[in-house]
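This note sets out, point by point, what a colleague new to the structure may wish to look at. Please read it alongside the sequence and the model shown below.

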Amino acid sequence: MPDDPLSSRPPLGRASRTLIVALLVVGVVVPSIIIRELIEGRMGAGPLADFGWIAVPMAATAWLAPRASYRRRDALWWLIGPFGLYVYVVIAWRLAFLPYRDWPPRPDETPRVRWLRDGDQAGLWYLSGVAK
């Protein structure tokens, strides 16, 4: 593995990370509510409106999941109510910290990941390259 220079920015603090997570959650939940209201206004309440409400969060979760060491199929948790929101918040929490990681890598990520030992970054992982 070639030596990649570490990110020029230090890891984010808890307040900055929380703000990013809040923006990611609002950025997914608000459009999904709007879509539900549009479908409900046009076709009435029913299963189509319910599916319209979870379509945007499921797509966002499936798209972002590999970047946070989750599988795309974890987006299916949205079909079981609040579990999907929990999984999405965990994914958003992890994304807000990238390129640093405070969770262990998946087996397929281990060749590209490095355990950091210096200064403020001690105990974190650093993933070089782009997630697939």
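1. Before the packing of helices is discussed, one definition is needed: an axis here is a line fitted to C-alpha atoms, for helices over the stretch in contact, and angles run from 0 to 180 degrees between N-to-C directions. Two packed helices are described by the angle between their axes and the distance between the axes.

2. The model is predicted. Its chain has a mean pLDDT of 79, and 74% of the residues reach 70 or more. Confidence varies along the chain: among its elements, helix α3 (residues 82-95) has the highest mean pLDDT, 91, and strand β2 (residues 113-115) the lowest, 62. Statements about β2 should be read with that value in mind.

3. The chain contains 3 helices and 3 strands. Their order from the N terminus is α-α-α-β-β-β. Of the 132 residues in the chain, 33% are buried. Among contacts between residues at least 6 apart in sequence, 56% join residues at least 24 apart.

4. Helix α1 comprises 30 residues, and the distance from its first C-alpha to its last is 43 Å, close to the 44 Å expected at 1.5 Å a residue. Its buried residues are R17, V21, V25, V28, S32 and I39. An α-helix has 3.6 residues a turn, so residues three or four places apart point the same way. The cover over the buried residues of α1 includes α2 and α3. After α1 comes G44, which has a positive phi near 90°.

5. Is E37 buried, partly exposed or exposed? This residue belongs to helix α1. E37 is partly exposed, because its relative accessible area is 47% and the partly exposed class lies between 20% and 50%. Between E37 and D50 there are 9.9 Å in space, C-alpha to C-alpha, and the two are 13 residues apart in sequence.

6. Helix α3 also agrees with its expected length: at 1.5 Å a residue its 14 residues should span 20 Å, and its end C-alpha atoms are 20 Å apart. Buried in α3 are G84, V87, Y88, V90, I91, A92, R94 and L95. The elements that cover these buried residues include α1 (14-43) and α2 (47-64).

7. How do α1 and α3 meet, and at what angle do their axes cross? The axes come within 9 Å and cross at roughly 135°. The angle therefore makes α1 oblique to α3. The crossing is right-handed. On the α1 side the contact is made by R14, R17, T18, V21, L24, V25 and V28, and on the α3 side by L85, Y88, V89, A92, W93 and R94. Of these, R17, V21, V25 and V28 are listed among the buried residues of α1, and Y88, A92 and R94 among those of α3.

8. The pair α2 and α3 packs at an angle of about 40°, with the axes 10 Å apart. This angle makes α2 oblique to α3, because angles under 35 degrees would count as roughly parallel. The crossing of α2 past α3 is left-handed. Here A60, T61 and L64 of α2 meet V87, Y88, I91 and L95 of α3. Y88 thus appears in the contact with α2 and in the contact with α1, and Y88 is itself buried.

How values were computed:
Residues are numbered from 1 along each chain as its sequence is written. This is a predicted model: local features need pLDDT of at least 70, side-chain atom pairs count only at pLDDT 80 or more; totals for chains, interfaces and linings use all residues. Side-chain values use heavy atoms; hydrogens and water are left out. pLDDT is the predictor's confidence in each residue, from 0 to 100. Helices (H or I, at least four residues) and strands (E, at least two) are DSSP runs, numbered from the N terminus. The expected span of a helix is 1.5 Å times one less than its number of residues. Buried means under 20% relative accessible area, exposed over 50%, partly exposed in between (1.4 Å probe, protein chains only). Contact means heavy atoms within 4.5 Å. Angles under 35 degrees count as roughly parallel, over 145 as roughly antiparallel, 65 to 115 as roughly perpendicular and the rest as oblique. A crossing is left-handed if the near helix is turned anticlockwise from the far one by less than a right angle, and right-handed if clockwise.
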